[in-house]
Amino acid sequence: MAGTACSTGGEETGGSGSGGGGDNTLVIGSAIEPGSLHILRDGDDGNELINWSITQPLVERTSDGFEPVLAVELPVQDETDPKRWHVKLREGVTFTNGEAFNADSVKENVDLVADPDFASTINGVEVFATAEVIDEYSVDLITKEPDPYLLYRLSTLRFIPPKASADADAYAEKPIGTGPYEFVKWDKGQRIVLKKNEDYWGGDDAQLDEVEFRFIPEAGARLAALDAGEIDMATSITPEDATRVPQVIESDGYAKTSLIRINLDMPPYDDPSFRLALAHAINLDSINENLMNGQFVPAQCQVVPPGEFGSDDSLETYAYDPDEAKRLLSEVDLPADFSVKMVSTTGIQLKDREIGQAIAADWEAIGLDVDVDFLASDPWLDDVLAGGPKTSAKGPGPLTYIDFDHHSNYAQRYTSRVLDRTNPLATIGSAYPEIDSTLKTALTSEDEAEAEGAFQELNQLSCDDALVLPLLYMPDQWGAATAVEYTPGPGLVNRIHLEDVRVNS
């Protein structure tokens, strides 16, 4: 994975770069239409796709580390109080509605996402306690515990104008930010249009005057539109389509780990023998070769991909061994009418239905009855977020299929979402209380070697007892016309910086 726009060698069957939108207009065929454009309240892939060039963070994560955006320099941790971070803000920045960006607006944003009643879905904001205004362009961020990963978290926290967003539902229809593009209109079910921010504080580097996000949920229809020159870029292409498009735009490194999350409080899923039986029954090589065109990598028995902070290169992929799976299953006392139940999506995550069906067939081959519920986005999110403030459900189902995406620190995000019982979204429940001290070391230690060792210890336990079932390490791939130039940063291509896109005439 080169992390750059690259020719695949496929037949260049279309994609003139005109996109049917006229001069200096880029048309992106999107698989997902957002349900909301409130980036702080309702963060999801569709929302981020639109908002990433409208709203901005204090700091941005790059392939080389971090760089300041709305901050003048990277935030500095206080020498005596590790829960306090000093931030110097960029002066002269305004939101496109005229509201000033300053320490007061930063405090209001931080206090908003820190409020549990607001129920932000942004990963990591649970660490914030408050912010303190020092002067107009100086602010201190206060965390509940020492947090060495704050820069990662800040890279996903976008800032919005407090007055204009006071009516959250109204703001969710018409977002406002400080970025190089601004919202124009949303034709529900059809498209969202942005225009270049002519008064952008960062200068006039953006080439595109207008960007249209056209909602085309079916992958084949997006490919056809790209071939016909009706769109310039197509999100979330399939591995087969990656060999057919004029050009593939690929994430810088692995963008996602597909996995099966397990509710560890629910019998028989609370039994390690049962979970390991499920793991050894899945033929990951077959799924990768037959469904993913062999383009991805069967995951080691850890969510964190190789080369990422906290990964353990010594861990191996669960061996496909149906006989061992049957042996482990014989150790488990299952009710006579027991059925494995898993929740997944259909047409939302890459090859979600096909992967769910393949896994179900593998489990049925070892003698299990399997029921996979393929859901639309909203009911699936109810399960993913179950136990948290965004849903009234008492807890998640036994198994949930998730393409777990990566933008902030992978190890921190995974452990927080799965193993940290203080996080209401985690699925560990009351199991494994002995890991709590190790988890706290991993998440709060200022000693990098100590923290990484703690993450690796957690990965080893997760592997030994199958606390989660990692499936494939995957890049994120878009199709594009030959004329398009764009080099993504870390994480999903979905978090696209439109000011960096070029279309050659």
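**View 1. The surroundings of Asp 352 in helix H9 of this predicted model.** Leaving aside residues up to four places away in sequence, Asp 352 touches Ser 344, Thr 345, Thr 346, Gly 347, Phe 374 and Tyr 401. Asp 352 itself belongs to helix H9, which covers residues 352-364. Here is something to look for as you zoom in: which side chain of opposite charge is nearest to Asp 352? That side chain is Arg 353, 6.2 Å away. A salt bridge needs a Lys or Arg side-chain nitrogen within 4 Å of a carboxyl oxygen of Asp or Glu, and Asp 352, though buried, has none.

**View 2. A salt bridge between Lys 341 and Asp 371.** The two side chains meet at 3.4 Å, N to O. This pair links distant parts of the chain, with Lys 341 in strand E16 (residues 340-345) and Asp 371 in strand E17 (residues 370-375), 30 residues apart. Lys 341 is partly exposed, with a relative accessible area of 40%. Asp 371 also counts as partly exposed, at 37% relative accessibility.

**View 3. A network of salt bridges that includes Arg 191 and Glu 212.** Shared partners join Lys 185, Asp 187, Arg 191, Glu 212 and Arg 214 into one network of salt bridges. Within this group, take a look at the salt bridge between the side chains of Arg 191 and Glu 212, at 3.6 Å from N to O. Arg 191 sits in strand E10 (residues 191-196) and Glu 212 in strand E11 (residues 210-215), so that the pair links distant parts of the chain, 21 residues apart. Buried or partly exposed: how does Arg 191 count? Arg 191 is partly exposed, with a relative accessible area of 23%. Its partner Glu 212 is buried, with a relative accessible area of 8%.

**View 4. A buried pair, Arg 41 and Asp 42.** The side chains of Asp 42 and Arg 41 meet in a salt bridge of 2.7 Å, N to O. Both Asp 42 and Arg 41 are buried. For the model as a whole, the count comes to 22 salt bridges.

**View 5. A negative patch on the surface.** Which residues form this patch? They are Glu 91, Asp 104, Glu 108, Asp 135 and Glu 136. You can find Asp 135 in strand E7, which runs over residues 128-135. Asp 135 is partly exposed, with a relative accessible area of 37%.

**View 6. Backbone details at Ala 119 and Asn 293.** Ala 119 is a residue other than glycine with a positive phi, near 60°. Ala 119 is found in the loop between helix H2 (103-114) and strand E7, and is buried with a relative accessible area of 9%. Asn 293 is not a glycine either, and has a positive phi of about 60°. Asn 293 lies in the loop between helix H7 (284-291) and strand E15 (297-298), where Asn 293 is partly exposed with a relative accessible area of 40%.

**View 7. A cis peptide bond between two prolines.** Follow the backbone from Pro 267 to Pro 268 and you will meet a cis peptide bond, with omega near -5°. Where does Pro 268 lie? Pro 268 is in the loop between strand E14 (256-262) and helix H6 (272-281).

Definitions and conventions. Residues numbered from 1 in each chain as written. Predicted model: local features only at pLDDT ≥ 70, side-chain atom pairs only at ≥ 80, totals over all residues. Heavy atoms only, no water. Patch = residues over 30% accessible without salt bridge, like charges linked within 9 Å, V, L, I, M, F, W, Y side chains within 5 Å. Areas by Shrake-Rupley, 256 points an atom, 1.4 Å probe, with all protein chains shown as cover. Lys, Arg positive; Asp, Glu negative; His and termini not counted. Charge placed at Lys NZ, Arg CZ, Asp CG, Glu CD. Helix = DSSP H or I, 4+ residues; strand = E, 2+ residues; numbered from the N terminus. Buried < 20%, exposed > 50% of the residue type's maximum accessible area, 1.4 Å probe, protein only. Contact = heavy atoms within 4.5 Å.
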